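Me: I am new to this structure and would like to know what the terms used for it rest on. Please show it before we start.

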Amino acid sequence: MTEVIVLNGGSSSGKSGIVRCLQAVLPDPWLALGTDTLVDAMPASMQASDAGIEFAPDGEVIVGPEFRTLEAAWIEGVAAMARAGARIIVDEVFLGGADSQQRWQKALGELRVLWVGVRCDSAVAAGREVARGDRVIGMAASQADVVHRGMVYDLEVDTAHAESMECARTIAAHVS
């Protein structure tokens with residue numbers, strides 16, 4: 001039985017909408033956790049430090065060593081929750097592509113994971129980014145392709161051509 005669903009896609013690709021729809025359509029309760037949850041849990045000083053996480057004016061995301069330390073603990077904690085019986089949907093942005101996936105694979109180990117690529121045309125994601133108003137302009141376009149480099153998925157969905165609920169139903173059909 002699938003214990004963890006990992007959604008990977010760039011900023012404003014539609015992952016959070018899919019997560020909410022998955023929680024509605026999957027028969028059991030699933031926790032939604034992700035990179036935004038991690039960043040929100042960090043002290044504000046981490047968002048203004050070379051050692052933490054920085055959002056450059058052009059949308060580039062730069063992470064430092066303190067962020068990586070906390071991220072590693074976060075990943076291990078999410079894996080521990082899954083091992084303890086919580087079903088978890090991870091909403092992630094793998095800025096490091098395959099290296100990011102490998103960090104998660106190591107932590108998740110023997111757990112049954114469904115790896116899902118959430119694709120979205122960069123122009124569509126950029127339009128959503130402007131409409132959201134809570135992201136640095138340029139982040140969506142810069143992440144749209146880079147997060148998928150070297151990735152291996154069980155399934156891919158494209159939110160530029162399908163609504164969140166349709167994507168969620170496609171994903172749910174692959175959850176065993």
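Me: Which residue follows α3, and what is the sign of its phi?

Reply: This is a predicted model. In it, G85 comes after α3, and its phi is positive, near 115°.

Me: How do you know that the span of α3 is close to the expected one?

Reply: Helix α3 covers residues 65–83, 19 residues in total. The expected span is 1.5 Å times one less than the number of residues, which gives 27 Å for α3. From first C-alpha to last, α3 reaches 27 Å, so the two are close.

Me: What makes residues of α3 count as buried, and which ones are they?

Reply: Buried means under 20% relative accessible area. F67, E71, W74, I75, V78, A79 and A82 are the buried residues in α3. They lie on the same side of α3, because the arc they cover around the axis is only 130°. P65, T69 and A73 are exposed and sit on the face turned away from that buried side.

Me: Why is G138 said to touch D58?

Reply: Contact means heavy atoms within 4.5 Å, and G138 meets that with D58, as well as with G59 and E129, leaving aside residues up to four places away in sequence. G138 and D58 are 80 residues apart along the chain, yet 5.4 Å separates their C-alpha atoms. G138 itself is in the loop between α5 (122–132) and α6 (139–143).

Me: What makes up the lining of the largest pocket?

Reply: The lining has 37 residues, with T35, D36, V93, R135 and M139 nearest the centre. By class, 14 are nonpolar, eleven polar and twelve charged. The volume of this pocket is about 600 Å³.

Conventions: Residues are numbered from 1 along each chain as its sequence is written. This is a predicted model: local features need pLDDT of at least 70, side-chain atom pairs count only at pLDDT 80 or more; totals for chains, interfaces and linings use all residues. Side-chain values use heavy atoms; hydrogens and water are left out. Helices (H or I, at least four residues) and strands (E, at least two) are DSSP runs, numbered from the N terminus. Buried means under 20% relative accessible area, exposed over 50%, partly exposed in between (1.4 Å probe, protein chains only). The arc is that of the directions from the helix axis to the C-beta atoms. On a 1 Å grid over the protein atoms alone, a cavity is a set of points where a 1.4 Å probe fits but cannot get out, and a pocket is an open set with protein on both sides within 12 Å along at least five of seven lines; lining residues have an atom within 4 Å of a point. Grid points are joined across faces, edges and corners, and a volume is the space filled by probe spheres set on the points. Ala, Val, Leu, Ile, Met, Phe, Trp, Tyr, Cys and Pro count as nonpolar, Asp, Glu, Lys and Arg as charged, and the others, Gly among them, as polar.
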